Amino acid sequence: MSPPVDSAAQRRPRIEPVQVRRFARAERLVHRLTAVLMTSCILTAAVLYNGTLSVAVGHRRVVELIHVYSGFALPAPMIVGLASAAYRADLGRLNRFSRDDWRWLRSRDRRLGLIPVGKFNAGQKINAWLSAGSILVLLGTGLLMYYPYLVRLSWRTGATFVHDWFALGVGLLVLGHVFKASRDAEARRGMRTGLVLAAWAKINHDRWLAELDGDAESVRDPDGRGDRDGGGGERDPA
Amino acid sequence: MVSSQSKGKPAKGKPASEGPPVGRRVILGLLGLGAVGVVTGRVTQDGLARVLGPIENRDPTGLVSLFPVGDSFRFYSVTGSVPSRSAADYRLTVSGLVDHPQTLTMADLAALPQTSFTSDFQCVTGWRVRQVEWSGVALARLLDEVGVRAQAKAVHFTSLDGTYTESLTIEQARLSDVIVATSMLGKPVTHDHGGPVRMYVGPMYGYKSIKWLSGIQLTEAVEVGYWETRGYDVDGFVGHSNGRDDEPTG
């Protein structure tokens, strides 16, 4: 293919792709597995922690084991995901926080699409950082709690303290994440099928869409599985 | 639809990898915060717990318990559901190597000399409830009542839940703060606390104080209990077992 923005593309009217690929299969799989494991951790934590649930569900030892092994497994999909180039590229995007991200975060009308947003908005980036960091902290403190002879008692008490409060934080983070997703069907479709409408991307992630325009391979649904819009091919203006 | 003129032309084909790597810094920062918390958490936890624990234990709304401040009872149950027993249909069987096996009602327990005292409840997982009022029948008194045979060396406890078991040596069972508790926190033992009748083994970690007590058997040797087969010490003295150094409960 020709390099971005060639003369031919400027001569004829730009073709707006109906759908664009947002997430690769590997990324969706990592997200789904992480969601399942995180849900398992949260539900079992609720049973272990809440007195009413503890007595109603009982089976403390079994619930504890499910919690511990879900927790040990929680980082695994993210680590295995590193084998995917698309996943690594998105980690790179999430890592960087630009001036525009700060502006977007501070503005009241951030949802109007006035400030350039890349593949991820500032809120999504912050959610990713806090989730990743908290999962690591919960894993570390969880290990100290589960293997009691690793460190001295006062550190174990400290680990329990940290685990409790980070768990509360992660619970709120997940609630916020699910709440945000519940209000954006297209974003959910992106994570479910990998495809989003270009029009949606134009409003919410215009910079990312612009990047894709320069890379014709990504523009269309590569495996032609565009659902919802009957084929999901490019709209032909002719 | 918002036009794109107002925000300038985005650079085409350029991956948006600008800006400092704030993500990495935040993650490292959280790890650092976690490490500091592990090292200093005990002091913070103790401080919070001392202030908020008493409030939480007496909080009628239960809202305080939504925060992990510790030092309030956490309710553990090892089976799916535990049969509920009212004071009227509760029975405690005392059997095994005794001269007079007995089945006691709540009234029978109430008719025996009562022991009351205040001491802490220390869980092996770290939480501790201070100054809990306990009352009931001293186990030593109950053992005298049924007459322990010479070959009996241990006491085995069973629970209404059918799974939880515990054991003490005869010497441990005769300690003065080991009681068959019918009252705690100034009122009859509730179902969630293991009522109507539970053990309170004062000198030991909470797992030794079996909940929903249904039977006491005198045996020739200590039969390892539920939590001990899962890694906890058989002689669960507070501060001298399970790798912990908590202060005594008394």
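Here is a short walk through the interface of chain A and chain B, followed by a stop at A:Ser70. The model is predicted, so local features need pLDDT of at least 70 and side-chain atom pairs count only at pLDDT 80 or more, while totals for chains, interfaces and linings use all residues. Residues are numbered from 1 along each chain as its sequence is written, chains are lettered from A in the order in which they are written, and side-chain values use heavy atoms, with hydrogens and water left out.

Let's start where the chains meet. In chain A, 50 residues are in contact with 53 residues of chain B (heavy atoms within 4.5 Å). The area buried between them is about 4,800 Å², and carbon and sulfur atoms give 65% of that; buried area is the accessible area (1.4 Å probe) that two parts lose on being put together, summed over both. Nine residue pairs across chain A and chain B are in polar contact, both at pLDDT 80 or more (a pair of N or O atoms within 3.5 Å; within protein, one must be able to donate a hydrogen and the other to accept it, and residues adjacent in sequence count only if both atoms are side-chain atoms).

Now pick out A:Ser70, which sits in helix α4 of chain A (helices are DSSP runs of H or I, at least four residues, numbered from the N terminus). A:Ser70 counts as buried because its relative accessibility is 9% (buried means under 20% relative accessible area, with a 1.4 Å probe and protein chains only). Its side chain makes a polar contact with the side chain of A:Ser40 at 2.6 Å. Beyond its neighbours within four places in sequence, A:Ser70 is in contact with A:Leu37, A:Ser40 and A:Cys41.

Terms used
Helix = DSSP H or I, 4+ residues; strand = E, 2+ residues; numbered from the N terminus. Buried < 20%, exposed > 50% of the residue type's maximum accessible area, 1.4 Å probe, protein only.
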